[in-house]
Amino acid sequence: MSTHMIGPVFSLVLATAPHLHQAADPGDRDTLTRGVTEMVAPGSSPGPLNASGNAFVVITGKVGQGLAPLFVATSVERGRAIAGGHEGFFSESALANPSNGRFLGNALTWLSRKPLPGLRVGLLGFPSMNDALTKAGAVPSVVSTASIQGALSNEDVICMTQGALDNSPSDQIAVMRFVKSGHGLLIAGPAWGWLVTHPGKDLLADQTANRMLIPFGITFEDGGIDGPFTSAGADNPLLTTDGALAGLTRGGLSKGDVATATRTVERSLSRLTNTDSPLATQILELAKAEPGGGIASEKNPLTLDKPFSRLKAWIEAKRYAHQAPIEVRPDPSAAFFPGSVEGSAPRTNRTIVVDTSIPSWHSTGMYAAPGETITVQVPENATRADLSVRIGAHTDTLWDLEKWPRFPEISNSRPLSFEETQAANPFGGLIFIEVPYQCRLGRIKVVISHAVPSPLFVRGKTSEADWKTMIQTTGAPWAELQGNLVDLIVPISSAKKAHNAEALMSYWDEMMADCYQFYAAPEHQRPERYCPDIEISAGYMHSGYPIMTHMDVADTMCDLFKLRGKSWTWGFYHEMGHNFQQSAWTWDGCGEVTNNLFSLYGNEKLNAVTLPTYGDAHPAMAPAAVKSRIAKYVANGAKFEAWQSDPFLALSMFAQLRQQFGWASFTKVFSQYWNLRPSEEPQSDIDKRDQFMVRFSRLVGKNLGPFFQAWGVPTTEAARKSIAELPAWMPSDWPKMPAR
């Protein structure tokens, strides 16, 4: 027997003898987890499950600070079923982990009430189990959707993936008859993955696993679940709905327990067909008694110590998602964020021209009041072009955060599938027309009715006088400033600080042009966007479309004096750099580094920062700080792990290249990557380092192999030999290595 197979086969052979109980019992958890420490699923992103009724949790993972079920077992009349959050736990590489092999053996013997040797196992979508089961003495056979019903009479257990029988209700019924008659079912897969591959389908109503197992207390749930994957906490009563509600009502739980209980109740609520159920009604009443009355605001954010308020938000979000526009009413939290529309503001109609050759969001200069229905009219030929109307620019969701100073989801989008479409948002928001890429409708007229005019400055078209009038007379709480390459979404209070809007947007366009130039990147068809929010999904700012920031920089976005000054712009350039990073030249440890090349470049180009005054761009890049950082790193042995864990240390290496060879060298190297053939793309992390070193060396005519080695950044000997004919280069002020 080969060494690499000892782990899984040994684990399977040691699977415990079967219990003879007719029905599943939570006491069987010990049987299922005997010999199981920590399970793995290499390269997989598992999803959570939910357990109710007679179902019990066997293996858990982490969701945020709390626990969630990963594997759940239940009785199915005379038979048994086990469900898991990803089929990757049974891949060949996963089964090389002893705990995975032991769990599979335990599961199969428990499901069948038979020993593993001679056990007949039907595999529908699990070919990776075949060899391991055969070597462990079982008798696996591969079955297909075409042969499943005929194969059942020859099997003791069926192993299948979550959606294997989606399109065949009769096969689902046949499998469940097989299980109910005393056989076993092992089924696995992440619900989030099923949703991605089945757009427009309903997880509860259409997915094979849920259709078969919801009546027996197991539900596959959307979302992800992180490790460690163990049996720890599997018996926690907070993983049951009744136990979770009791714990939350009683209070005194730790943050982790609150998170566990809250997620448990959320999963139970997700199975409800309406939001007027007794469980939902109970939660809404309990939320009223919490500080703030269940309404999110900056003064009274919804934190983990307000679990029923957070559950109330979850219920309301589900209700909002299924409401017809005419049913929508203002959410009370909208008054706090994104803000109310002045009561006297007129609701008007406006016709705009949308150039569909430009994809993504098109500004309309219109705002939907919270809870009010707007109407959007498009030409008949546009109804099949996948256009949408978006209400609200704040697309970040806050569900995974500990604190919600606003409702966690306040933006929505509705397809324009008819010549006239109604839309509404409980929170209101700026109105955009969304255009898919490669739309060929040309320029079309879109009519928006019953909306509030919002200030929209368009560079080169809107006069300063008109801008000031819009700002002073609008009843909308948000405005936009649109350049040729950048669009700013800002609150009215910040927009009023844009005293010279033309000059302001000239700066932002210059910044964006510099970014394209520096990274040698082809210009995007649509403008980049920045949008401040009272809370964002991650970090102080984050990249994307739009780039999201906190509200404390909204004024700075509109203040040309600050933008042209010192120490104000690093974050704006940093996030735009993220939008332009390429994987080919961003190796492990550079995720927060190669984007900062533009932070340095932009500060030099736009803010008059020079090499001696790099500290004005960021204190960590002051020459003295850089020199000290490098000296300490070298003295400690120049270990790559330290380099990877310190973005400013890594940036200091690139800054040395900039100091010696200039920014143009970077741009020329970046331009090479845009023209790579697929066969030339780096295939691994060391390939990325090798290619960057070799390309930069050949471009500047210097051998950078010693430089990379001095920095402790690994490259291959072959790559270093390929540039050995070039004269070696090292910074003149490089610190001496310590004596060994």
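## Strands and the sheet

Two strands count as paired if DSSP finds at least two bridges between them. In this predicted model, strand β7 (residues 157-161) clears that bar with strand β8 (residues 184-188): they pair in the parallel sense over five bridges. Within that pairing, isoleucine 158 sits opposite leucine 185 of β8.

Both strands belong to an open sheet of eight strands, and if you walk across it the order reads β6-β5-β7-β8-β4-β3-β2-β10, with mixed pairing. At the edges you'll find β6 (139-142) and β10 (226-230), each pairing on one side only. Ignoring direction, neighbouring strands of this sheet are turned by 20 degrees against each other on average.

## Helices on the sheet

Helix α4 (residues 98-112) packs on the sheet and touches β2 (56-63), β3 (66-76), β4 (79-84), β5 (120-124), β7 and β8. Its direction makes about 155 degrees with that of β4. Helix α12 packs on the sheet too, touching β2 and β3, and its direction makes about 45 degrees with that of β3.

## Where α11 meets α12

Now for a helix pair. The axes of α11 (residues 241-250) and α12 (residues 255-269) come within 9 Å and cross at roughly 130 degrees, so the two helices are oblique to each other. The crossing of α11 and α12 is left-handed.

Who makes the contact? From α11 it's Thr241, Ala244, Leu245 and Leu248, while α12 brings Val258, Ala261, Thr262, Thr264, Val265 and Ser268. Sorted by type, the residues of this contact come out as six nonpolar, four polar and no charged.

Key: Residues are numbered from 1 along each chain as its sequence is written. This is a predicted model: local features need pLDDT of at least 70, side-chain atom pairs count only at pLDDT 80 or more; totals for chains, interfaces and linings use all residues. Side-chain values use heavy atoms; hydrogens and water are left out. Axes are lines fitted to C-alpha atoms, for helices over the stretch in contact, and angles run from 0 to 180 degrees between N-to-C directions. Helices (H or I, at least four residues) and strands (E, at least two) are DSSP runs, numbered from the N terminus. Angles under 35 degrees count as roughly parallel, over 145 as roughly antiparallel, 65 to 115 as roughly perpendicular and the rest as oblique. A crossing is left-handed if the near helix is turned anticlockwise from the far one by less than a right angle, and right-handed if clockwise. Contact means heavy atoms within 4.5 Å. Ala, Val, Leu, Ile, Met, Phe, Trp, Tyr, Cys and Pro count as nonpolar, Asp, Glu, Lys and Arg as charged, and the others, Gly among them, as polar.
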